[in-house]
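The following exercises concern the architecture and packing of one protein chain. Please work through each task before reading its solution.

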Amino acid sequence: QQGLRAHGLDDMVEESRFAVDSGYWPLYRYNPELVKENKNPFILDSKKLRQDVAAFLQRETRFVKLQKRHPEIAETMFTQMNNDVQHRMEHLNQLAAGYKAFEHEDDASVKVLFASETGTAARV
């Protein structure tokens, strides 16, 4: 059972804000119409992490129980989750900053290379 804190759903807005600030729930928008204006269609609204994702997760009963029963596993999980969130935010920031409109159709081409150990890919 996950359980609810004392205030239950009364603090839903605060929980949502904490989720965004910790990177657990990044806020972004995608507007394909901006491509026509040669602008980046990906807009990242939550650009900077203000909270630790582990602190957000530790507000849930299931993670509190895990931390009490298996502190070494919980610590490893929280560390990995923080690393994953940092990596995801770096990627989202790169998407928000690195849009490039293709000048020519050939600029958007992708070369697909394939192979197989059994040689069946040659028949594709």
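Five exercises follow, each with a worked solution.

The model is predicted: local features require pLDDT of at least 70, side-chain atom pairs count only at pLDDT 80 or more, and totals for chains, interfaces and linings use all residues. Residues are numbered from 1 along each chain as its sequence is written, and side-chain values use heavy atoms, with hydrogens and water left out.

**Exercise 1. Overall architecture**

Determine the secondary structure content of the protein chain and the order of its elements.

Solution.
- Step 1. Helices (H or I, at least four residues) and strands (E, at least two) are taken as DSSP runs, numbered from the N terminus. By this criterion the chain contains four helices and two strands.
- Step 2. Read from the N terminus, the order of the elements is α-β-β-α-α-α.
- Step 3. A residue is buried under 20% relative accessible area, exposed over 50%, and partly exposed in between (1.4 Å probe, protein chains only). Of the 124 residues in the protein chain, 23% are buried.
- Step 4. Accessible areas come from the Shrake-Rupley method with a 1.4 Å probe, and for residues only the protein chains shown count as cover. The chain exposes about 9900 Å², of which carbon and sulfur atoms supply 54%.
- Step 5. A contact means heavy atoms within 4.5 Å. Among the contacts with a separation of 6 or more, 62% are between residues 24 or more positions apart.

**Exercise 2. The nonpolar cores**

Identify the residues of the largest nonpolar core and the helices that supply them.

Solution.
- Step 1. A nonpolar core is a set of buried Ala, Val, Leu, Ile, Met, Phe, Trp, Tyr and Cys residues joined through side-chain atoms within 4.5 Å. The largest one has eight residues: Phe 18, Ala 19, Ala 54, Phe 56, Leu 57, Phe 63, Ala 74 and Phe 78.
- Step 2. At least two residues of this core come from each of α1 (12–22), α2 (53–57) and α4 (71–97).
- Step 3. The greatest contribution to this core, three residues, is that of α2.
- Step 4. There is also a second, separate core of six residues, including Phe 42, Leu 44, Val 85 and Met 89.

**Exercise 3. Helix α4**

Compare the expected and actual spans of α4, and establish what covers its buried residues.

Solution.
- Step 1. The expected span of a helix is 1.5 Å times one less than its number of residues. For the 27 residues of α4 this gives 39 Å, and the end C-alpha atoms are 39 Å apart, which agrees.
- Step 2. The buried residues of α4 are Ala 74, Phe 78, Asn 82, Val 85, Met 89 and Leu 92.
- Step 3. Their cover includes α1, β2 (42–44), α2 and α3 (61–69).

**Exercise 4. The aromatic cluster**

Characterise the ring pairs that link Phe 18, Tyr 24 and Phe 56.

Solution.
- Step 1. A pair of aromatic rings is described by the distance of the centres and the angle of the planes. Rings of Phe, Tyr and Trp (its six-membered ring) pair if their centres lie within 6.5 Å; planes under 30 degrees apart count as stacked, over 60 as edge-to-face and the rest as tilted. The structure holds four such pairs.
- Step 2. Phe 18 and Phe 56 are edge-to-face, at 5.7 Å centre to centre and 65° between the planes. Because Phe 18 lies in helix α1 and Phe 56 in helix α2, this pair ties together parts that are 38 residues apart in sequence.
- Step 3. Tyr 24 and Phe 56 form a tilted pair, with 4.8 Å centre to centre and 40° between the planes. Tyr 24 belongs to the loop between α1 and β1 (28–30) and Phe 56 to helix α2, so this pair ties together parts that are 32 residues apart in sequence.
- Step 4. Phe 56 is buried at 6% relative accessible area, whereas Tyr 24, at 30% relative accessibility, is partly exposed.

**Exercise 5. The surroundings of Ser 22**

Establish whether Ser 22 is buried or exposed, and which residues it touches.

Solution.
- Step 1. Ser 22 lies in helix α1. Its relative accessibility is 1%, so Ser 22 counts as buried.
- Step 2. Not counting residues up to four places away in sequence, Ser 22 touches Leu 49, Gln 51, Asp 52, Val 53, Phe 56 and Val 85.
- Step 3. A polar atom of the Ser 22 side chain lies 3.2 Å from the backbone oxygen of Ala 19.
- Step 4. The buried residues of α1 pack against α2 and α4. After α1 comes Gly 23, with a positive phi near 90°.

Technical notes
A polar contact is a pair of N or O atoms within 3.5 Å; within protein, one must be able to donate a hydrogen and the other to accept it, and residues adjacent in sequence count only if both atoms are side-chain atoms.
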